[in-house]
Amino acid sequence: MVSTNLKTYNVMCVLCRQDYVILAEEEDMVSWLSGTKYIQDALDYLSPAERELLISQTCDTCWSQLYGS
């Protein structure tokens with residue numbers, strides 16, 4: 001059996017106000033938030049869109065509307 005410390009992180013896009021739920025290891029979030037690791041290293045199992053949502057609270061749809069693809 002594999003032990004995990006997955007937690008749910010609720011993030012709301014600041015532009016469209018859509019709610020998102022991201023599952024991540026608590027230890028990985030702490031590593032990123034403390035500055036010990038870059039987000040792409042600590043949370044490499046998340047998609048780039050999920051990582052951007054954590055960084056800027058901007059969902060992929062709104063990001064694409066603002067900046068293109």
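Student: What percentage of the 69 residues in the chain do buried residues make up?
Tutor: The model is a predicted one, and a residue counts as buried when its relative accessible area is under 20%. Cys59, with a relative accessible area of 3%, is one residue that is buried. Over the 69 residues of the chain, the buried share comes to 28%.

Student: In what pattern do the helices and strands follow one another along the sequence?
Tutor: The chain holds four helices and two strands, and its C-alpha trace spans about 40 × 20 × 20 Å along the principal axes. Read along the sequence, these elements give the pattern β-β-α-α-α-α.

Student: In which sense do strands E1 and E2 pair, parallel or antiparallel?
Tutor: Strand E1 covers residues 6-12 and strand E2 covers residues 19-25, with seven bridges between them. Met12, for instance, has Asp19 in E2 as its bridge partner. The two strands form a hairpin with six residues between them, and their pairing is antiparallel.

Student: Which residue in the turn of that hairpin has a positive phi?
Tutor: The residue lies in the loop between E1 and E2, and its phi is about 70° although it is not a glycine. At 53% relative accessibility it counts as exposed, because the cut-off for that class is over 50%. The residue is Arg17.

Student: Which residue in the loop between H3 and H4 has a positive phi although it is not a glycine?
Tutor: The residue lies in the loop between H3 and H4 and is partly exposed, with a relative accessible area of 32%. Its phi is about 55°, although it is not a glycine. The residue is Gln57.

Student: How many disulfides does the count come to?
Tutor: A disulfide is a covalent bond between the sulfur atoms of two cysteines, and the rule applied here asks for sulfur atoms within 2.5 Å. The sulfur of Cys16, a partly exposed residue at 38% relative accessibility, has its closest cysteine sulfur in Cys13 at 3.7 Å, which is too far for a bond. Cys59 is likewise in no disulfide, with the nearest cysteine sulfur, that of Cys62, 3.6 Å away. The count therefore comes to zero.

Student: Is the one aromatic pair of the structure stacked, edge-to-face or tilted, and which is the right word for the rings of Trp63 and Tyr67?
Tutor: A search of the whole structure finds one aromatic pair. The ring centres of Trp63 and Tyr67 are 4.5 Å apart and their planes stand at 50°. Planes under 30 degrees apart would count as stacked and those over 60 as edge-to-face, so this pair is tilted.

Student: In which helix do Trp63 and Tyr67 both lie?
Tutor: Trp63 is partly exposed at 32% relative accessibility, whereas Tyr67 is exposed at 56%. They are four residues apart, about one turn of the helix. The helix that holds both residues is H4, which covers residues 60-67.

Student: What accessible area do Val14, Leu15, Trp63, Leu66 and Tyr67 have together?
Tutor: These five residues form a nonpolar patch on the surface. Trp63 belongs to helix H4, and Tyr67 lies in that helix as well. Taken together, the residues of the patch have an accessible area of about 510 Å².

Student: How far apart in space are Ser47 and Ser69, C-alpha to C-alpha?
Tutor: Ser47 sits in the loop between helix H2 (39-42) and helix H3 (48-56), and at 28% relative accessibility it counts as partly exposed. Ser47 and Ser69 are 22 residues apart in sequence. In space, C-alpha to C-alpha, they are 15 Å apart.

Notes:
Residues numbered from 1 in each chain as written. Predicted model: local features only at pLDDT ≥ 70, side-chain atom pairs only at ≥ 80, totals over all residues. Heavy atoms only, no water. Patch = residues over 30% accessible without salt bridge, like charges linked within 9 Å, V, L, I, M, F, W, Y side chains within 5 Å. Areas by Shrake-Rupley, 256 points an atom, 1.4 Å probe, with all protein chains shown as cover. Salt bridge = Lys/Arg side-chain N within 4 Å of Asp/Glu carboxyl O. Pairing = 2+ DSSP bridges. Phe/Tyr/Trp six-rings, centres within 6.5 Å; stacked < 30°, edge-to-face > 60°. Buried < 20%, exposed > 50% of the residue type's maximum accessible area, 1.4 Å probe, protein only.
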